[in-house]
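Biologist: Can you walk me through this one? I have the picture open and would like to know what I am looking at.

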Amino acid sequence: MSALLAVLVFGPFVCGICSYLLGRYSKEMRNGFVLLSTAAELGLLLYLSGEGSITLSFPDVCGLGIGFELGGFHTVLAFLAASGWFTASVLSMEYFVHVKRRNRYYMFWLLTLGATMGIFLSADLYTTFIFFEMMSFTSYVFVVQTEERAALRAGGTYLAVAVIGGLVTLSGIFILYHQLGTVQISEMASAAEAVGNKTVLWTGGILTLVGFASKAGAFPLHIWLPTAHPAAPAPASGVLSGVITKTGIYGVSILSVTIFLHNSTWGMMLAVIGGITMILGAVLGVLSIDLKRTLACSSVSQIGFILTGISMQCLLGHHNALAVAGTILHIVNHSLIKMVLFPAAGVIHLSTESFDLNDIRGFGRGKPLLAVIMGVPMLSLAGVPLLSGYVSKTLLHESIVEYIEMAGASAWFFHCLEWVFLISGGLTLCYMLKLFFCIFVEENIAQKDMEKHWKLNRPGAFIAKASAVVLLAYAVCMPLLGAMPTKMMDPIAAFGRGFFHGEVPEHAVEYFSLTNLLGAGISLSIGILVYIFLVCTMLRPWHADQDQLYINPIPAWLDLEFSVYRPLLTVLAEILLLLATVVDRFFARLLFGFVPKCIFFIKRFLMEWWAQVYYLFMRETYIPRPSLEEFGDDEHFAFYANHPTGQKGIMHSFGFGLLIAGIGLGIVLLCILLDII
Amino acid sequence: MQSNIWLLLPVLLPILGGLAVLHLHERSRRRFIVIALMVAQLVLLIPAFQAGGEELHLLELAAGIRLVLRLDDLGRLFSGLVCIIWFLVTFFAEQYMDHEERRERFFGFYLITLGAMMGICFAGNLVTLYMFYEMMTLCSFPLVLHSGTRESFAAAWRYLAFSVTGAALGLMGLFLLQGYCSTDLFTLGGVLDPAVAGGNKPFLLTVFLIMAVGFGAKAGMFPLHAWLPVAHPVAPGPASAVLSGLITKMGICAILRVTYYLYGWEFLSGTWVQKAALVLALLTILMGSTLALREDVMKKRLAWSTVSQVSYVIFGIMLLTPTGLEGALFQVVFHAIAKNALFLSVAAIIYRTGLTRASELQGIGITNPVCMWCFTIGALSLIGIPPTGGFFAKWKLAQGALDSTLGPLAYVGIAILMISALLTAGYLLPVVINAFFPGDWFDRSALQPQKPLWLIWVPLLVLAAAAVVLGIFPTLVSPLVEGVVYALF
């Protein structure tokens, strides 16, 4: 069994390289091979997940040895990855028909799958980090796949954040390993308790958090996400948002369940980060007028929800049953939902060649299939009862409410957090309504012409059959899961609970009780109100003579990346350059320029002073021998004599003295060598 | 003479062979002889490695001043590394030098330099080391000024001036140490006579700093670094690769000998001189990486990168902890591999296209995919991205820093390692990105992947593969490294 676990991680790497070689001979075979590989991966995972917990380790590989574990939370995440990749591969077949350089894309596609599997199945932080770095680099390739200017710029930001985050995390892991002596997830908690110096441990923990949080898209390191996800081809955006952000979440979870197990300070910190991320992403989502960007901002917001869940399970300590279940289920939900929405956006793009809401407006009119495929996940994410998103959001909400009673003096903070949670949930509905109405209800400026144009872009069906089936299957899942939460969703939560040290709930959650429905009701009403009073009025200003276009009210300068991070990095680089240049030149200049000049000036000063003293006593002008001027012009290298023009003038020069000294040294050396002395 | 004559052969063979090659003008015969000599060299290393630690006394200049060859684990590590990479680069050079004049001179001195380096690795005492050290400097001098341009002459003279100054400082240390040592042979744990040395600690520490700075010149350590970014780039491609990747390591070898085999780590541990050397190394690391950012000429950029990366090794050595030293030795191996891969791929691109600047390499990955792939792997290893070797070296260095009793300086050191890694990413990754992702506005219609040149590709691929394979399985190198480290501590 453990050998098969190795296949699960390393198989995709091998397949990736094979697909590249295969693709040089036949494109069809390569496409089939990629599809088959991802399907095999999913099948193998499902087969292995029935076997309970499997571990596998390779001692000494990469130095410390790497280890994998399958079971529980690992399996849940690995399933999300494998199914996400499979789905996206099916959709890629349709999406990529006319795209160039697919060979490169598919190779890195499979390499990234292997790396992601490696992260989710890792049994220690070292393994996690190794595969995390690999994934950062291999996924870069599909962010910049199109090689458009915007994609390259987004890719640059992505890579910069990945490299900086990776290095900061690495320094954190250095410290943690040194303090704990182990980075095994199962041993870190007990090792951390034994550590006396908590400050160092906290430093290590926070540094480690940075890279993982940036990959997850948490504030303030979310900057790469809203540009990089939309830049990638649609199926790839799906896995970037749905799966790859979860690798960051996985890293944060490792820290939260090991060294900071049930640590309330850590929980508070995550709660603050989560709260800001949640509301910020939601607000950006409402304001955005680009379909994929809205979805990416939505991802930021949902990551905030998940982080809040993780923080709650830290804060609640041994009462964390609800928080753990909510976190796991929200991870699953968000992943499944984004795996549908992004590829569906890609389908729209195939016909419209745009993601701008003003361009694609009205595309979905008369397309009930697409309306179901996109509408159900949208409402599910917004937390509409009877859909899966409602369940996880209710659990998260309940866990916050539960902690308010325990919080004591800081209860006000959690009241605020609860409202932030509700408002963010409302805004989720708001931007989803905006998208839905825009695509499926409203009419374009010239609806008839546009429809002709779209048809021209994509003759035949607007969605391939295979894609439609897969996406529909996802969409059907959601009401099924959501309508029978105790039968369908609780087992998933119970399956992954062990990783978080989650408690068993004392009693089954009444998902459809009045209080829970009320919470959802408040949240959803906020969303509807914001939609009516903000989106329909201010974001679509009414003009008498033309159509109501969506506008983006965010001014260009209000961009964290371009107004803060990039200038800051540039300034730092300039300062470093300046300092390095100074250091580089300093000694040479000092040695060959400044020191001789100083000596020259001091000497001249002393000479002048001596001349004055000389004149004072002797009453005649002092003539130095040899004079400084003569010294400078001397072509024979420092004559001592007053009249060097004579036959034997050379005898009186400094050069002659040196020559004699040299001969003497030579003789001495000869004597030493001949052992005469 | 003694039975251990095997030690002399790997030193003499390249020197004599090189002298012969200097007069071989016919190309095909020279090519055959050079490669045969390199194969013979590798073969000769095997009996030398097995010969054990016996000494070989060459001659006695005066009482107490003698030339001694002896091979220990450190010598095995360095000489093995040097010979294998030298062997690979030879093939590359055979192809690359088609572009250049006066090939027999190049290959002659190329071989003689190898012999001198073997001498440094095998040296049993500081006098021997110094002699071969100077010989290496002088023999690599023609490699630097090979092209004969005004620029290369200036660079070569600067190289000579700095190297000789550095070696002279080392020699001065050798003189000053007379009378404090119980023996002149390199000995595990140091040779300082505790009876004499105890009272003169400040003096001996100052001497150590002088020697470290002196030998540090070869390794490009501040303050005697200024020759390196000038001299390495003007040499022909393969020569700059070995200059950067291997010859700098001979400075490291000398510093290692002085630190661990003359002074002993216990004598230096916790003293001001340890901190001073660490600060110099850290300053160099930061300065090199930063200035590499500014360079547009690829070879200069890589030369600055060498300044920075070789000082990682000095940082590791001066931590004076077992893990730190392990990290330093791994860094020696992996930097040699990665830097050679980088220089060779840049040289291959110069050979193919004549382009020397980073900004001109737009889309070069499409025409020269193999070279740029090797460049990418070398770059990743240099930055320290797992699973390449550079990552493991950095891991060990950081653990060594944390193990040490230096306190805040250790954390500053780790921070600087990380900042330098970021800067390394900053000056290498844009090249890779431009090469492979030139943008959709880039005209690709005229580009065709070029025909294979196996003499260039094979060494490159071997080096790139080594960077990854040794990174995944560091146990292939670690027995040698651990052999050195655990004998010392």
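Modeller: We can start with a pair of helices. α6(A) and α18(B) cross in a right-handed way. Keep in mind that this is a predicted model.

Biologist: Which residues make the contact of α6(A) with α18(B)?

Modeller: From α6(A) they are A:Leu159, A:Val163, A:Ile164, A:Leu167, A:Ser171 and A:Phe174. From α18(B) they are B:Ile414, B:Met418, B:Ala421, B:Leu422, B:Ala425 and B:Leu429.

Biologist: And by class, how many of them are nonpolar, polar or charged?

Modeller: This contact has 11 nonpolar residues and one polar residue, with no charged ones.

Biologist: At what angle do the axes of those two helices cross?

Modeller: Roughly 155 degrees, and the axes come within 10 Å. Here α6 covers residues 149-180 of chain A, and α18 covers residues 408-436 of chain B. Angles over 145 degrees count as roughly antiparallel, so α6(A) is roughly antiparallel to α18(B).

Biologist: Now the whole interface. How many residues of chain A are in contact with chain B?

Modeller: 32 residues of chain A, which meet 34 residues of chain B.

Biologist: Which helix of chain A gives the most to that side?

Modeller: α6(A), with nine residues. The helices of chain A that each supply at least two residues are α5 (125-143), α6, α22 (560-618) and α24 (654-674). By class, the side of chain A that touches chain B has 21 nonpolar, four polar and seven charged residues.

Biologist: Something inside chain B next. How do α3 and α14 of chain B run, parallel or antiparallel?

Modeller: The axes of α3 (residues 73-96) and α14 (residues 322-353) of chain B cross at roughly 5 degrees and come within 11 Å. Angles under 35 degrees count as roughly parallel, so α3(B) is roughly parallel to α14(B).

Biologist: What residues of α3(B) are in that contact?

Modeller: B:Leu77, B:Leu81, B:Ile85, B:Val89, B:Phe92 and B:Tyr96. On α14(B), the residues include B:Leu329, B:Asn340 and B:Tyr351. Taken together, the contact has 12 nonpolar residues, one polar and no charged.

Biologist: Back to chain A. What domains does the assignment give?

Modeller: Domain 1 is 1-186 + 217-244, domain 2 is 262-546 and domain 3 is 556-676. The C-alpha centres of domain 2 and domain 3 of chain A are 74 Å apart.

Biologist: Last thing, what are the scores of the model?

Modeller: ipTM is 0.92 and pTM is 0.90. For chain B, the mean pLDDT is 90, and 99% of its residues reach 70 or more.

Notes:
Residues are numbered from 1 along each chain as its sequence is written. Chains are lettered from A and ligands numbered from 1 in the order in which they are written. This is a predicted model: local features need pLDDT of at least 70, side-chain atom pairs count only at pLDDT 80 or more; totals for chains, interfaces and linings use all residues. Axes are lines fitted to C-alpha atoms, for helices over the stretch in contact, and angles run from 0 to 180 degrees between N-to-C directions. Helices (H or I, at least four residues) and strands (E, at least two) are DSSP runs, numbered from the N terminus. Angles under 35 degrees count as roughly parallel, over 145 as roughly antiparallel, 65 to 115 as roughly perpendicular and the rest as oblique. A crossing is left-handed if the near helix is turned anticlockwise from the far one by less than a right angle, and right-handed if clockwise. Two residues are in contact if their C-beta atoms, placed from the backbone, lie within 7 Å. Ala, Val, Leu, Ile, Met, Phe, Trp, Tyr, Cys and Pro count as nonpolar, Asp, Glu, Lys and Arg as charged, and the others, Gly among them, as polar. Domain bounds come from an automatic or database domain assignment. pLDDT is the predictor's confidence in each residue, from 0 to 100.
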